[in-house]
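Here is a set of exercises with worked solutions for you to try. Keep the sequence and the model open beside you, and have a go at each task before reading on.

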Amino acid sequence: MQRGANDFLGTIGETIARNRPYIERARRFGALGLAPLGVLAAACGTIFVPLPWNVLLGVLVFGAAFVVHRMHEANRKIFVARQVAHGLLAIAEDCLKLLSLEGRIMCISEVGGQLIEADHADDLIGVDWLALWDGPDARRAFERAKAGESTSFSGACRTMNGTLKWWTSTFAPVYGEHGRVSAVLCKSRDITAERNLIDELRGNARVQKDMEDHVDAVFWTATRDFRELLHVSSAFERMWEMPMSALEADQTAWSQSVHPEDLPALRDEMRTAVNTGAATQSYFRLCLQHDRTRWVRADIYPVIEDGAVSRVVSVCVDATDERERLQELHRLANTDSLTGLANRNAMMDALVKRCEALAPFAYLFIDIDRFKSINDTAGHIAGDAVLRTIARRIAETLPDGAVAARPGGDEFTVILPGSFDQESIERACRKLSLACHRPIEIDCKSVTMTCSIGVALYPEHGRTPEALFISADMAMYAAKRAGRNTFRVFGDREKDDLARAHLEAQLHGAIREKEFVLHYQPQYRVDSGALVGVEALLRWNHPQLGLLGPGAFVPVLEESALIVEAGHWVIREAVQAGSQLALALPQACSVALNVSPKQFRDPRLVSVLRHAIRRAGIDSNRITLEITESALIDNVDDAQVVLSNVRAMGVRIAIDDFGTGYSSLSYLARFRPDVLKLDKSFVDNIATDAMVRTVVEGVIDLAHKLGVTVVAEGVETQEQLDTLRDVRCDKVQGFLLSRPVLLASLMMRTDAEDAATVR
Ligand code: C2E
Ligand code: MG
Ligand code: MG
């Protein structure tokens, strides 16, 4: 306030100083104007008036001139001062006024008139300014100004329109003659707007304080790096059970009560809020006295100013009830209601966590042997009691850190942490078996149960929960197969089964995705060397493993029903290829295709074949079906029906791999095939083993007598070929002559090339 008054007075002084040259010039002009006048008067006196009167007259005139000059100078000063004052009044933004010693307005600035809401500033001249104010403050300050002090005060008074306005008034005494205070200069600044704002803020602060004091939530604000807490509401003391003074002494004191397991996640959320500019939420526990814990939910909001996070505000509420309810719900959702063990969900979660931890553990699948009989003979209530007892015993046997679950029915699963060798896993399984095996009392009767346990080890038998689950399940079935009441660790056999199951799943897609392809191996006449036919051989263009031969997947196809579908595809494809081949290489008259035993029994075989032949427009006697002996003798009567239907179409029949199965020559007579394919195992030894050569020679003779053509397969050496020629074999097929190839490359072969192949 004092500073405001000084500024004001300084401004007046400065204005006067700026006008000093004009004042000086006026003073000098007055003196210069009057001095000649006095000299002129004295000269006139000497001329017209005798001595000494003329001297006296001159002195008098000079004296009068001096007085007039002084008066003129004084008036000039007042004029200038008035001009300065008017100038100041005109430019001032506040209400500037000159008050008489009685407190009446002597003059007031235009702006002052407007601020006091008078129609015209002059209307206020003579108004008792002190009477406008309630209370003694205005008068007290005014009296001190009159006493020569520069003072100020703040207060409210009404304007001419009755509006209540707040003002800060500064007084400066104005000195008159003899250095006495003759008036008081007053500058009043309208501070109503600031005052209202302060009142409003005070009101807000009060509301905020009321809220903070009465709402059981902690409101806090911190700098964006969380280093400085800018504000923490009083509920902190209640929630943290820590005095505010502790927080004032150490700004990080709040974090010391947060559960060490929860603190990293909380800090992460705090950082995320700042880094992303989005609100986050975090739950954490407060560790209170007497081992009590309180759950707190913190909502963290970043405050964004000028496009950047300037600070962070947060609300913390007690979430203990909420968490307990959630935990209860979670417990119910993850617990098997019958046994109190973990359920399937919980076990899956536990498995996921264990796999993520990358530490070794064993996963056990326990199935109660013949549990169904308890349910059937003693009823479900007794069955439930047995399950409860076994569950309790399993739980009792387990070491710390192990998890036991009942995924359903009479199955239990267990996670045993740690690495296991054969001995330690046997020990663990025996303990569990014994726990199941102890007699259980139900309705005064004693029952004894056994269990079969399958074990999968992480990571050897699976790195994912699903893989471990399958491995343990397969091992458990192996234990069942081994006679029950035992355990098995997942092994090579189960591994093969698993690979087979995996392959089977992939084979389903293979047909759909057109991943099968046929290669054709040429067959040649031994005498002329002419290419007379081909055998279609199935391949699988596996997306990951590359081109696979039938040995890798046909057995799997045969085990599943897929062989029928795949077989239909082979028939259509091979028959179609046969018609193309007949056009390109008319001498390569026949196409042989392999039919599996299951496919041979498929009632649709004949119709699929007929349809394919008709569509391809090929002579049916150019098609040969290769069937193994086993397919024929599995069900001789049915086989004969199919054979006669096929033969009725004109399609030829070959017995494949002759010599590996029953090789009963009587079947030759019974089934009357068109072709007999001598197995590679005979061909392999025909050039080196005289006995084999004799047997083959006999078979070929017999076949010829029955009108059956003989094809030797797997011919790899010239000696084999020569021997086969010697024993009058009709046709040959083998790597010596050609490997199985794609149809396109086969069709590019010339007759000359073919003749050259068989020497
Ligand atoms: P397979 O019908 O006896 O076919 C002859 C097998 O011997 C073919 O094996 C052929 O590549 C192979 N081979 C031919 N010459 C030689 C040789 O000189 N040396 C050696 N080491 N092997 C030779 P591939 O293609 O692996 O077929 C194996 C078996 O898979 C076939 O024996 C057949 O039983 C079955 N197969 C092939 N294609 C099909 C099909 O489309 N359907 C069914 N159900 N089975 C098929
Ligand atoms: Mg074959
Ligand atoms: Mg064969």
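**Exercise 1: a buried pair**

Asp94 and Lys187 are both buried, where buried means under 20% relative accessible area, exposed means over 50%, and partly exposed lies in between (1.4 Å probe, protein chains only). This is a predicted model, in which local features need pLDDT of at least 70 and side-chain atom pairs count only at pLDDT 80 or more, while totals for chains, interfaces and linings use all residues. Side-chain values use heavy atoms, with hydrogens and water left out; residues are numbered from 1 along each chain as its sequence is written, and chains are lettered from A and ligands numbered from 1 in the order in which they are written.

Task: find how the side chains of Asp94 and Lys187 meet.

Solution.
- Step 1: the two side chains form a salt bridge, at 3.8 Å from N to O. The term stands for a side-chain nitrogen of Lys or Arg within 4 Å of a carboxyl oxygen of Asp or Glu.
- Step 2: Asp94 sits in the loop between helix 2 (53-91) and strand 1 (95-99), and Lys187 in strand 5 (residues 181-190), so the bridge ties together parts 93 residues apart in sequence. Helices (H or I, at least four residues) and strands (E, at least two) are DSSP runs, numbered from the N terminus.

**Exercise 2: two more bridges**

Task: place the salt bridges Arg294 to Asp318 and Arg725 to Asp722 in the fold.

Solution.
- Step 1: Arg294 and Asp318 come to 3.3 Å, N to O. Arg294 belongs to strand 9 (residues 293-305) and Asp318 to strand 10 (residues 308-318), so this pair links parts that are 24 residues apart in sequence.
- Step 2: check the cover. Arg294 is buried at 16% relative accessibility, whereas Asp318 is partly exposed at 42%.
- Step 3: for Arg725 and Asp722, the closest N and O atoms are 3.2 Å apart. Both residues are in helix 26 (residues 718-726), three residues apart, so about one helical turn separates them.
- Step 4: Arg725 is partly exposed with a relative accessible area of 31%, and Asp722 is partly exposed with 29%.
- Step 5: widen the view. Glu241, Arg292, Arg294 and Asp318 are joined into one network by salt bridges that share partners.

How many salt bridges does the structure hold? The count is 38.

**Exercise 3: a residue under cover**

Task: describe the surroundings of Ala631.

Solution.
- Step 1: locate Ala631 in helix 21 (residues 629-634).
- Step 2: a relative accessible area of 3% makes Ala631 buried.
- Step 3: list the contacts (heavy atoms within 4.5 Å). Neighbours within four places in sequence aside, Ala631 touches Pro597, Phe600 and Ala639.
- Step 4: the C-alpha atoms of Ala631 and Gln599 are 9.2 Å apart, with their positions 32 residues apart along the chain.

**Exercise 4: unusual backbone geometry**

Task: say what marks out Pro459, Lys514 and Arg672.

Solution.
- Step 1: recall the background. Most residues other than glycine have a negative phi, and most peptide bonds are trans.
- Step 2: the peptide bond from Tyr458 to Pro459 is cis, with omega near 5°. Pro459 is in the loop between strand 16 (451-458) and helix 15 (465-481).
- Step 3: Lys514 has a positive phi, near 55°. Its loop runs between helix 16 (492-512) and strand 18 (516-525), and Lys514 is exposed at 74% relative accessible area.
- Step 4: Arg672 has a positive phi of about 50°. This residue lies in the loop between helix 23 (665-671) and strand 24 (675-678) and is partly exposed, at 47%.

**Exercise 5: the whole protein**

Task: summarise the protein in a few totals.

Solution.
- Step 1: count the elements, which are 28 helices and 26 strands.
- Step 2: of the 759 residues, 44% count as buried.
- Step 3: among contacts between residues at least 6 apart in sequence, 58% join residues at least 24 apart.
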